[in-house]
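Student: Could you walk me through reading this model, one feature at a time?

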Amino acid sequence: MSEIVLETREIVRDYHIGGGLFRQGRTIHAVKGVSLKLEKGKTLAIVGESGCGKSTLARMITMIDAPTSGELLIDGEKVDIAKKGLTSELRRKVQIVFQNPYGSLNPRQKIGDVLMEPLIINSNIPVSERRERAMQMLKKVGLAPEHFNRYPHMFSGGQRQRIAIARALMLNPRLLVLDEPVSALDLSVQAQVLNLLADLQDEFGLTFVFISHDLSVVRYIADEVMVMYFGEAVEYGTRDEVFSDPKHDYTKTLFAATPRADVESIRARLAKKAA
Ligand SMILES: Nc1ncnc2c1ncn2[C@@H]1O[C@H](COP(=O)(O)OP(=O)(O)OP(=O)(O)O)[C@@H](O)[C@H]1O
């Protein structure tokens, strides 16, 4: 039987902005009732232009923001983030990697400490074991033991993204939300990081929600694709279904706007790297 790691049921998020004592505010319907189910080990890519609600959906999935209505289930367990004492076990299961790793790494913290921090906060593992686990994780993401005592500014963009991925994996999560994880990287480095993610997914049985505006990347990495448009999921299906037979006019325009040659050239590049 398939294991559903992530499920949302008609999940909604509104933002109320402006407004005051004598002024009426405005409501932005950022996510308008999105339902999805994602099996263990699969990658769902969420695509759409800026402002369509991708990051808002990601923030709800990672339990940073509460939905206005609807339900979120992680491993079949209903999440109520308003409830006091949301279990740390539930939080541990879902981790996020952002587009700009430099912004999320403390410049004064050595990489070893960055990696050990989640263990200090969430477990009582002794120091020696924490070190050992951090060293192992450095290796898993393609970095070396001598990187343990270095600071974030001493790394390239691709290496910093490897560090952010390593940090996200320190607590053995079930689900990784990747918010434009390779958008800030050069093409060749993008390919390396995407291949690393694919390897880690296989090794740890990870489930990914991959947010991207780049269709060539989505085509390479996704099992399933959701296209969002003004807060709604206008397209949702397997990668091949969505790419070969887009139903919504917005998706057709989106796909038409990406020159075929670009898609093919990046796919060839990625395939070469993977070989
Ligand atoms: N904290 C907030 N307060 C008010 N409005 C917000 C807030 N966060 C997002 N919005 C609005 O909600 C809508 C969806 O934004 P969201 O950031 O989820 O889109 P996105 O698809 O992730 O865009 P981008 O790719 O630019 O990050 C937008 O209209 C945005 O202005």
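**Reading the model**

Tutor: Sure; start with the ligand shell, whose residues divide into five nonpolar, six polar and one charged. Here Ala, Val, Leu, Ile, Met, Phe, Trp, Tyr, Cys and Pro count as nonpolar, Asp, Glu, Lys and Arg as charged, and the others, Gly among them, as polar. Keep in mind that this is a predicted model: local features need pLDDT of at least 70, side-chain atom pairs count only at pLDDT 80 or more, and totals for chains, interfaces and linings use all residues. Numbering runs from 1 along each chain as its sequence is written.

Student: Which element gives the most to the shell around the ligand?

Tutor: A residue is near a molecule if its C-beta atom, placed from the backbone, lies within 6 Å of it. Helices (H or I, at least four residues) and strands (E, at least two) are DSSP runs, numbered from the N terminus. Helix H1 (54–61) is one of the suppliers, and H1 gives the most, with three residues. The shell includes Tyr15, Ile28 and Lys54.

Student: What is the order of the strands in the open sheet?

Tutor: Two strands pair if DSSP finds at least two bridges between them. The order is S2-S1-S4-S5, with antiparallel pairing. S2 and strand S5 (77–78) each have a single partner strand, so one side of each lacks a neighbour in the sheet. S1 and S2 pair over twelve bridges, and arginine 13 stands opposite valine 31 in S2.

Student: And what follows helix H7?

Tutor: Glycine 205 does, and its phi is positive, near 60 degrees.
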